[in-house]
Amino acid sequence: MDTQQTPPQVVNGVPTGAAPAFDAKDVQENKFIAALSYIGILVLIPLFLARKSAFAQEHAKQGVILFIVWIVGSLVFWIPLLGWLLALVIAIGAIVAFVKCLMGEFWEIPVLGVWRKKIHLEKL
């Protein structure tokens with residue numbers, strides 16, 4: 001059996017699949033504003049008011065994806081059972097990410113979090 005592990009793929013100097021590392025001061029100062037990223041349209045607050053905070057910006061990018069999914073999903077959420085289940089799963093993901101953010105942690109929402117890496121806010 002081969003025991004060698006394949007090194008992680010590196011994109012822009014950061015290993016893919018690795019949680020981003022943040023400065024402790026940045027996290028402490030911006031965790032409350034970053035948590036707004038998971039409350040619908042309030043994602044705009046950290047997106048524009050905490051531009052220098054890497055912690056807030058990573059949460060804001062994930063919040064934008066979540067907000068878009070919520071808007072598109074609202075076309076499906078009215079369908080009994082399937083739509084309700086999808087809405088529940090998305091809401092639970094938002095709540096967990098919100099709580100983790102308030103605890104000063106970054107939690108990548110499964111499936112949706114991957115798209116966060118494709119958003120480059122520094123170009124705005």
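This report describes the fold, the nonpolar core, the salt bridges and one surface patch of a predicted single-chain model.

Residues are numbered from 1 along the chain as its sequence is written, and side-chain values use heavy atoms, with hydrogens and water left out. Because the model is predicted, local features need pLDDT of at least 70 and side-chain atom pairs count only at pLDDT 80 or more, whereas totals for chains, interfaces and linings use all residues.

**Overall fold**

The chain contains 5 helices and 2 strands; these are DSSP runs numbered from the N terminus, with helices being H or I of at least four residues and strands being E of at least two. In sequence order the pattern is β-β-α-α-α-α-α. Of the 124 residues, 31% count as buried. Here buried means under 20% relative accessible area, exposed means over 50%, and partly exposed lies in between (1.4 Å probe, protein chains only). Taking contact as heavy atoms within 4.5 Å, 54% of the contacts between residues at least 6 apart in sequence join residues at least 24 apart. The chain exposes about 8200 Å², of which carbon and sulfur atoms supply 70%; accessible areas come from the Shrake-Rupley method with a 1.4 Å probe, and for residues only the protein chains shown count as cover.

**Nonpolar core**

In soluble globular proteins, nonpolar side chains tend to be buried together. A nonpolar core is defined here as a set of buried Ala, Val, Leu, Ile, Met, Phe, Trp, Tyr and Cys residues joined through side-chain atoms within 4.5 Å. The largest such core has 17 residues, and those with the most contacts inside it are A34, Y38, F55, L66, C101, I109 and L112. Helices α1, α3 and α4 (82–102) each supply at least two residues of this core, and α4 gives the most, with 5 residues. Leaving aside neighbours within four places in sequence, L66 is in contact with Y38, I90, A94, I109 and L112.

N30 lies in helix α1 (residues 24–35). With a relative accessible area of 14%, N30 is buried. Residues up to four places away in sequence not being counted, N30 touches A50, S53, F55 and A56.

**Salt bridges**

A salt bridge is a side-chain nitrogen of Lys or Arg within 4 Å of a carboxyl oxygen of Asp or Glu. By this rule the count comes to 6, including the pairs below.

| Pair | N to O distance |
|---|---|
| K25 and E29 | 3.8 Å |
| E58 and R116 | 2.3 Å |
| R116 and E108 | 2.7 Å |

K25 and E29 are both exposed. Because they are 4 residues apart in helix α1, K25 and E29 are separated by about one helical turn.

E58 and R116, by contrast, are both buried. E58 lies in helix α3 (residues 54–73) and R116 in helix α5 (residues 113–116), so their salt bridge ties together parts that are 58 residues apart in sequence. R116 has a relative accessibility of 4%. Its partner E108 is partly exposed, with a relative accessible area of 28%. Salt bridges that share partners join E58, K61, E108, R116 and K117 into one network.

**Nonpolar surface patch**

Residues I39, I41, L42, L44 and F48 make a nonpolar surface patch of about 440 Å². Patches are made of residues with over 30% relative accessible area and no salt bridge, with like charges joined within 9 Å and nonpolar side chains (Val, Leu, Ile, Met, Phe, Trp, Tyr) within 5 Å. Within this patch, F48 lies in helix α2 (residues 44–49).
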